[in-house]
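Student: I would like to go through this structure by asking what each label rests on. Please set each value against its cut-off.

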Amino acid sequence: MKITEAAADKVKEIMEQNGGGFAGILISFEGGYKLDLVRDEDADQYVRVENPLLGVFASPEHVDRAEKAQIEFVTEGPTSGFKVTREMTEGDTSLLDQIQEIIDTEINPAVASHGGYISLLDVEEKRVFVQMGGGCAGCGMADVTLKSGVEARLQQLDPEIQVVDTTDHAAGTNPYYAPTGK
């Protein structure tokens with residue numbers, strides 16, 4: 001489990017702003033990684049994940065995913081937030097690694113022309129969890145990009161792959177194509 005110093009510092013700042021009394025963060029996975037704060041009195045309900053910078057906890061069913069998590073605090077233009085992805089290990093030639101390679105070398109260069117990017121969060125069996133950012137977040141064409149572009153390309157690896165978008169598109173601040181009103 002890796003967490004950058006900037007992310008650890010930001011978590012500590014948030015814990016202080018909320019009155020203290022927190023043991024650290026809780027990492028869970030529900031269609032993508034999720035972070036929450038863990039109060040001191042609730043920490044014994046979870047499994048502690050080894051990390052030198054911060055208290056990190058997970059429920060027993062999410063320990064494996066938490067141990068592979070990589071947490072960063074990123075700033076993109078006027079917005080900032082936590083980015084949680086699966087840590088890649090050297091020598092791993094899993095489906096996840098193949099997908100990451102395609103996203104890095106083919107997909108992200110294409111969506112970068114629209115000021116966007118796609119982050120691979122995790123792969124669970126044949127479900128690929130991604131998050132869109134930049135011009136892709138809130139874009140009216142995001143679903144087309146995912147289904148006709150990303151998913152179609154990844155299905156060349158395995159026709160059963162399904163892409164799951166975990167993006168909060170309502171929070172997109174600079175979409176390449178503004179969504180149409182309903």
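Tutor: Helices (H or I, at least four residues) and strands (E, at least two) are DSSP runs, numbered from the N terminus. The model is predicted, so local features need pLDDT of at least 70 and side-chain atom pairs count only at pLDDT 80 or more, while totals for chains, interfaces and linings use all residues. Residues are numbered from 1 along each chain as its sequence is written, and side-chain values use heavy atoms, with hydrogens and water left out.

Student: Where is Ser28 placed, and why is Ser28 called buried?
Tutor: Ser28 sits in strand E2, residues 22-29. Buried means under 20% relative accessible area, exposed over 50%, and partly exposed in between (1.4 Å probe, protein chains only). Ser28 has a relative accessible area of 12%, so Ser28 is buried.

Student: What does Ser28 touch?
Tutor: Contact means heavy atoms within 4.5 Å. Not counting residues up to four places away in sequence, Ser28 touches Tyr33, Lys34 and His62.

Student: What makes E2 and E3 a pair?
Tutor: Two strands pair if DSSP finds at least two bridges between them. E2 and E3 have 7 bridges, in the antiparallel sense. Within this pairing, Ile25 stands opposite Leu37 in E3. In general, strands of a sheet pair through backbone hydrogen bonds, either parallel or antiparallel.

Student: Which sheet has the order E3-E2-E5-E4, and what makes a strand of it an edge strand?
Tutor: That order belongs to an open sheet of 4 strands with mixed pairing. The edge strands are E3 (33-39) and E4 (47-49), each of which pairs on one side only. Neighbouring strands of this sheet are turned by 40° against each other on average, direction ignored. Axes are lines fitted to C-alpha atoms, for helices over the stretch in contact, and angles run from 0 to 180 degrees between N-to-C directions.

Student: What is the strand order of the open sheet of 3 strands?
Tutor: The order is E8-E9-E10, and the pairing is mixed. Its edge strands are E8 and E10 (162-165), each pairing on one side only. The average turn between neighbouring strands here is 30°, direction ignored.

Student: How do you know that E8 and E9 pair?
Tutor: E8 is joined to E9 (residues 127-134) by 8 bridges, and the two strands run antiparallel. Gly116 has Gly134 in E9 as its bridge partner. Helix H4 (residues 142-154) packs on the sheet, touching E8, E9 and E10, and its direction makes about 145° with that of E10. Helix H3 (residues 95-112) lies across E8 and E9 and runs at about 165° to E8.

Student: Why is Ser119 counted as buried, and Glu125 as exposed?
Tutor: Ser119, in E8 (residues 116-124), has 9% relative accessibility and therefore counts as buried. Leaving aside neighbours within four places in sequence, Ser119 is in contact with Lys83, Phe129, Val130 and Gln131. Glu125 is in the loop between E8 and E9; at 74% relative accessibility, Glu125 counts as exposed. Phi of Glu125 is near 55°, a positive value in a residue other than glycine.

Student: What is Ala110 called, by its relative accessible area?
Tutor: Ala110 lies in helix H3. Its relative accessible area is 48%, so Ala110 is partly exposed. The C-alpha atoms of Ala110 and Gly149 are separated by 9.9 Å, with the two residues 39 apart along the chain.

Student: How many disulfides does the structure hold, and why is Cys136 not bonded to Cys139?
Tutor: The structure holds 0 disulfides. A disulfide is a pair of cysteine sulfur atoms within 2.5 Å. The closest cysteine sulfur to that of Cys136 is in Cys139, 6.5 Å away, which is too far for a bond. Cys136 counts as buried because its relative accessibility is 8%, and Cys139 counts as buried because its relative accessibility is 13%.

Student: How many helices and strands are there, and what percentage of the residues is buried?
Tutor: The protein has 4 helices and 10 strands. Buried residues make up 40% of its 182 residues. Among contacts between residues at least 6 apart in sequence, 55% join residues at least 24 apart.
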